[in-house]
Amino acid sequence: MDVAVSQNGAPPGPPGADAALLGFARALRAAGVDASAERVHAFLRAVDELRPGMRADVYWAGRLTLCGGRDDLERYERVFAAYFGSAVPAGRTVTVPPPPRLRLVSREGAAPRTAARNEEQPAPPAAALASSSEVLRHRDVAGLDSAEREQLRRLLAAFALRGEVRRTARRRSARRGAVDPHRTVRELLRRGGEPARLRRHTRADRPRRVVLLVDVSGSMTPYADALLRFAHAAARGSRTEVFTIGTRLTRVTRELSHRDPDLAMAALASAVPDWRGGTRLGELLREFLDRWGQRGMARGAVVVVLSDGWERGDPELLGAQMRRLHRLAHRVIWANPRKARPGYAPLAAGMAAALPSVDAFVEGHSLAALERLAAVVRGAGPAPVEGADRA
């Protein structure tokens with residue numbers, strides 16, 4: 001039932017209701033909701049039993065089948081409002097008669113009846129609204145108009161980005177696992193030596209740190225706003241760091257900590273002095289590694305470079321610093337918005353020098369491409385790039 005996608009990342013035609021609802025499920029996963037295949041199947045069956053054209057029915061069908069806990073509810077409502085382009089419905093539409101005192105005013109009787117008729121007009125079908133969002137997911141950001149960019153911003157505000165999970169040395173209590181001798185002995189002492197249930201523990205999981213290096217040079221102008229809003233959504237996590245690169249390296253994690261995306265972008269615009277300038281990827285990557293990465297920020301982290309790879313400096317310097325980054329980081333991911341263009345090949349000097357040290361080379365031109373990027377960061381991505389070697 002999934003929608004077919006052509007080689008350039010665009011859908012072959014207008015998606016149907018099922019494809020639009022599947023796109024909504026993908027948006028939920030990108031926002032951090034654990035919408036598994038079984039839950040999505042139950043969601044589609046529930047919508048079929050109800051009315052797919054009614055926004056309230058789609059809302060409650062998804063909330064009851066796709067959400068697995070209390071933490072998912074806020075993300076679900078945020079994604080639903082962005083994806084369907086309306087406020088979250090509170091329930092089924094119920095026609096409420098006007099208050100009696102309004103009916104006593106005979107001269108204004110026509111106005112309430114006209115307003116009532118306007119209120120009774122059916123809203124656009126939910127599947128149609130979802131279809132427009134599904135088509136928008138595959139559109140190149142550079143070709144969007146102002147209204148489409150505003151809708152894209154609402155969808156990006158619902159994103160969540162988490163690093164690949166790793167096992168830590170810390171232990172946490174669990175029902176299954178190895179016996180925890182310290183807690184077991186303390187329980188025995190508390191009971192005066194009487195037999196007690198064995199206490200167990202297991203290794204705790206923790207997401208890896210994610211470091212985003214966002215190119216804000218002149219060649220990235222059509223994509224910079226969308227990529228920075230993607231970074232703002234990612235920065236809501238406690239283990240995400242964001243830097244901008246152009247002619248200078250600027251740490252903008254603090255500026256992106258505002259919950260409101262517009263306030264965050266305004267603060268970022270004041271903090272970044274090199275908007276639409278040149279590109280010195282090699283020198284700035286060396287500065288990042290000398291000042292931040294070598295001290296531990298990049299060590300064991302998932303480092304994501306969002307850039308088209310145009311380099312005005314020495315490509316050999318960029319290649320050397322990428323090899324250095326590759327040795328420190330757990331994985332290096334490069335997202336290039338130009339990669340989706342027909343006939344693209346990484347022939348630019350900077351991109352060609354960096355690619356051997358990249359673990360995953362993905363697109364970054366659309367909302368769907370950023371969703372795939374989020375999946376790669378979580379560890380559910382494509383095969384490693386040919387030529388990448390781990391030192």
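The following conversation concerns the cores, strands and helices of a predicted model.

Biologist: What kind of model is this, and how are residues numbered?

Modeller: The model is predicted, so local features need pLDDT of at least 70 and side-chain atom pairs count only at pLDDT 80 or more, while totals for chains, interfaces and linings use all residues. Residues are numbered from 1 along each chain as its sequence is written, and side-chain values use heavy atoms, with hydrogens and water left out.

Biologist: Which residues touch the most other members of the largest nonpolar core?

Modeller: They are Phe24, Phe43, Phe159, Leu212, Ile333 and Leu373, in a core of 68 residues. A nonpolar core is a set of buried Ala, Val, Leu, Ile, Met, Phe, Trp, Tyr and Cys residues joined through side-chain atoms within 4.5 Å. Buried means under 20% relative accessible area, exposed over 50%, and partly exposed in between, with a 1.4 Å probe and protein chains only.

Biologist: Which helix gives the largest share of this core?

Modeller: Helix α10 (residues 221-234) does, with 8 residues. Helices (H or I, at least four residues) and strands (E, at least two) are DSSP runs, numbered from the N terminus. Another core, of 28 residues, lies apart from the largest one and includes Phe243 and Met297.

Biologist: Turning to strand β4, is it buried or exposed?

Modeller: In β4 (residues 210-215), 6 of the 6 residues are buried, so the strand is largely enclosed by the rest of the structure. Val210, Leu212 and Val214 lie on one side, and Val211, Leu213 and Asp215 on the other.

Biologist: Which strands pair with β4?

Modeller: Strand β5 (residues 240-245) runs parallel to β4 and is joined to β4 by 6 bridges; strands pair if DSSP finds at least two bridges between them. Leucine 212 has valine 242 of β5 as its bridge partner. Strand β7 (residues 302-306) also pairs with β4 in the parallel sense, over 5 bridges, and valine 214 is matched there with leucine 306.

Biologist: And what does β5 form with β6?

Modeller: The two strands form a hairpin with 3 residues between them. They pair in the antiparallel sense over 3 bridges.

Biologist: Now the helices: at what angle do α2 and α3 pack?

Modeller: Helix α2 (residues 37-49) and helix α3 (residues 55-66) pack at about 150°, with their axes 9 Å apart. Axes are lines fitted to C-alpha atoms, for helices over the stretch in contact, and angles run from 0 to 180 degrees between N-to-C directions. The pair is therefore roughly antiparallel, a term for angles over 145 degrees.

Definitions and conventions. Angles under 35 degrees count as roughly parallel, over 145 as roughly antiparallel, 65 to 115 as roughly perpendicular and the rest as oblique.
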